[in-house]
Amino acid sequence: MPIISKEDQDYVRSLFDEKLTGDVTLRLYTQGASKLVVPGRPECPMCEVTQQLLEELVELSEQLTLEVRDFYTERAEAQADGITQIPTLVLEGASKGKIRFIGAPSGYEFATLLDDLIDLSNGTTSLEPASRDMLAALTEPVHIQVFVTPT
Amino acid sequence: MMAMESELITADVVEAGEFPEMAQKYQVYAVPKIVFNDAVSFEGNRPQEAFVSAIEQVTSKDAEGDAES
């Protein structure tokens, strides 16, 4: 049973056909599908559904690629991407900085994800020139966390 | 969007309901809540200028406190 309905698939496919120009990689940090309970390891109730959602999403455009990483066994990569929670999705495209989704990108956040994929594919944003200049002149790191809920 | 313009920016979208300990740490009582470098924050939809101003605050030497204060 797909998570993205047939109707939504058709809509997103045509949106991607129209708007995506460059490749975007979606790297998902999750945990293996094993049902074994490992003592001390927290459960990840949203890992499986997030992976399924993203597998369905990347099917809708050839510009999108999904890489699935195991947070617990691929530690070096997880550390390099600064991953502390799962599921975490790292988006890679025409962006200078790093964009991550921590938790399942469902509800309103699914629309945000689509917008980000389009921006990352095209390397364009709707920022004002003055904002862009300020960002280009930064000399120290800035971590922006946007807390949301799906509804 | 801002992360696209500078390699020094990391932007995280955090699903607060899934990570209550993070929501508690950052005192998330309303969404969206936006936190900059653990130092400056605001709630609700704001114009682009508010984001620019918050980034300027956290990258200046006396970065501290709430954007609303």
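**Helix α4 of chain A and the sheet shared by chains A and B**

Start with helix α4 of chain A, where the buried residues are Glu109(A), Leu113(A), Asp116(A), Leu117(A), Asp119(A), Leu120(A) and Ser121(A). The model is a predicted one, and this helix makes a handy way into it. The buried residues of α4(A) pack against β1, β2, β3, β4 (98-102) and β5 of chain A, and also against β1 of chain B. As for the helix itself, α4(A) covers residues 108-122, which makes 15 residues. From its first C-alpha to its last it reaches 22 Å, close to the 21 Å expected at 1.5 Å a residue. Just past the end of α4(A) comes Gly123(A), with a positive phi of about 70°.

The strands that α4(A) packs against bring us to the sheet. It is an open sheet of eight strands with mixed pairing, and its order reads β2(A)-β1(A)-β3(A)-β4(A)-β1(B)-β5(A)-β2(B)-β3(B). At the edges stand β2 of chain A and β3 (40-43) of chain B; each has a single partner strand, so one side of each is left without a neighbour in the sheet. Going from one strand to the next, the twist averages 15°.

Toward the chain A end of that order, strand β1(A), residues 24-30, is mostly covered, with five of its seven residues buried. On one hand, β1(A) runs parallel to β2(A), residues 64-70, and seven bridges join the two. Here Leu26(A) sits opposite Leu66(A) of β2(A). On the other hand, β1(A) is antiparallel to β3(A), residues 88-92, with five bridges between them. In this pairing Thr25(A) faces Glu92(A) of β3(A).

What about a pairing that crosses from chain to chain? Strand β5(A), residues 142-148, pairs with β1(B), residues 9-15, in the parallel sense over seven bridges. Within that pairing, Gln145(A) has Asp12(B) as its bridge partner in β1(B).

Chain B itself is made up of two helices and three strands. Read from the N terminus, its elements go β-α-β-β-α. The chain has 69 residues, and 38% of them are buried. Of the contacts in chain B with a separation of 6 or more, 24% are between residues 24 or more positions apart. All three of the strands β1(B), β2(B) and β3(B) appear in the order of the eight-stranded sheet.

Terms used. Residues numbered from 1 in each chain as written. Chains lettered and ligands numbered in written order. Predicted model: local features only at pLDDT ≥ 70, side-chain atom pairs only at ≥ 80, totals over all residues. Buried ≥ 20, exposed ≤ 12 C-beta atoms within 10 Å, placed from the backbone. Helix = DSSP H or I, 4+ residues; strand = E, 2+ residues; numbered from the N terminus. Pairing = 2+ DSSP bridges. Contact = placed C-beta atoms within 7 Å. Axes fitted to C-alpha atoms, helices over the stretch in contact; angles between N-to-C directions. Expected span 1.5 Å × (residues − 1).
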